[in-house]
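Hi,

Here's the structure I promised to pass along. Have a look at it first, and my notes on what turned up follow below.

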Amino acid sequence: LETKVLALKPDLVVVYDGYNDLYYASAPKWDGTSPSVQSAKEVMREINSRQISSVVNQTTQVAMKNSEFLSTLNLLYIAWVVKQQANTPTEFQPSAITVYQQNLKRMEVISKNDDINLVFVLQPILTSDSKILMTEERIVLDRLDEPRKRVITYYPQLTNFFKKSARENTNATFLDYTNVFQSSSEHLYYDLVHYSPQGNQIIADRLTNDLVEIIKQKQGASK
């Protein structure tokens with residue numbers, strides 16, 4: 001928001017999130033450092049570092065295509081990394097909820113200072129009671145690994161914070177989409193959080209209608 005979006009001088013910003021924030025909290029190297037306390041310079045340094053890493057990766061891919069030795073070495077390295085990750089205990093870090101809350105509050109302050117209409121959307125995830133489950137969706141739930149199971153366990157905390165913020169906040173709009181598919185009996189989830197074309201269409205239609213109403217209300221309040 002600070003490093004890329006503000007320069008565009010938007011009237012409205014939609015933040016659509018939820019799942020990745022909690023899944024990241026189960027990552028082995030999660031250290032609890034809140035991105036909200038980083039300076040803009042630190043954020044840009046991280047972005048530039050990723051771009052450099054991308055160039056290095058592309059160069060490595062070209063080299064491997066032309067060298068059977070490098071290709072074999074890379075496969076052995078990948079196998080070692082996978083084994084290390086499998087042996088690494090990944091316990092959910094509850095402080096991730098706090099980090100998420102801090103980030104949302106900081107975005108609220110920034111949007112207010114820059115006169116931006118800020119809309120937070122909490123995305124739907126696949127759970128046993130999120131919709132009428134199809135066979136494919138039940139299979140997805142049955143095969144979840146532990147980090148994704150933990151996301152389902154802690155997601156209600158995120159939802160409760162979302163609802164609390166919606167009641168207390170006047171600087172931003174909070175849209176809870178966790179039950180957007182509840183009455184549907186179609187196959188809408190490909191996995192825990194990625195949707196079929198029909199699922200994406202349902203979300204897009206709902207969001208379009210909500211944004212139209214939000215804009216109308218803002219325009220009416222400014223008259």
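One term before the rest: when I say two residues are in contact, I mean they have heavy atoms within 4.5 Å of each other. Also keep in mind that this is a predicted model.

With that in hand, take L104. Setting aside its neighbours within four places in sequence, L104 is in contact with D17, F120, F161, F162 and F174. L104 and F120 also turn up as the residues with the most contacts inside the largest nonpolar core, which has 40 residues. Quite a few elements feed that core: strand 1, helix 1 (19-24), helix 4, strand 2, helix 5 (135-142), helix 6, strand 3 and helix 7 (197-222) each give at least two residues to it.

Now the sheet. It's an open one with 3 strands in the order 1-2-3, paired in parallel. Strand 1 (12-17) and strand 3 (172-176) sit at the edges, each pairing on one side only. From one strand to the next, the twist averages 15°. Strands 1 and 2 run parallel and are joined by 6 bridges, with strand 2 covering residues 117-122. If you want one pair to look at, V14 has V119 in strand 2 as its bridge partner.

Two helices pack on this sheet. Helix 4 (residues 95-113) touches strand 1, strand 2 and strand 3, and its direction makes about 155° with that of strand 2. Helix 6 (residues 146-168) also touches strand 1, strand 2 and strand 3; here the angle is about 140°, taken against the direction of strand 3.

Cheers

Methods:
Residues numbered from 1 in each chain as written. Predicted model: local features only at pLDDT ≥ 70, side-chain atom pairs only at ≥ 80, totals over all residues. Heavy atoms only, no water. Pairing = 2+ DSSP bridges. Helix = DSSP H or I, 4+ residues; strand = E, 2+ residues; numbered from the N terminus. Axes fitted to C-alpha atoms, helices over the stretch in contact; angles between N-to-C directions. Core = buried A, V, L, I, M, F, W, Y, C linked by side-chain atoms within 4.5 Å. Buried < 20%, exposed > 50% of the residue type's maximum accessible area, 1.4 Å probe, protein only.
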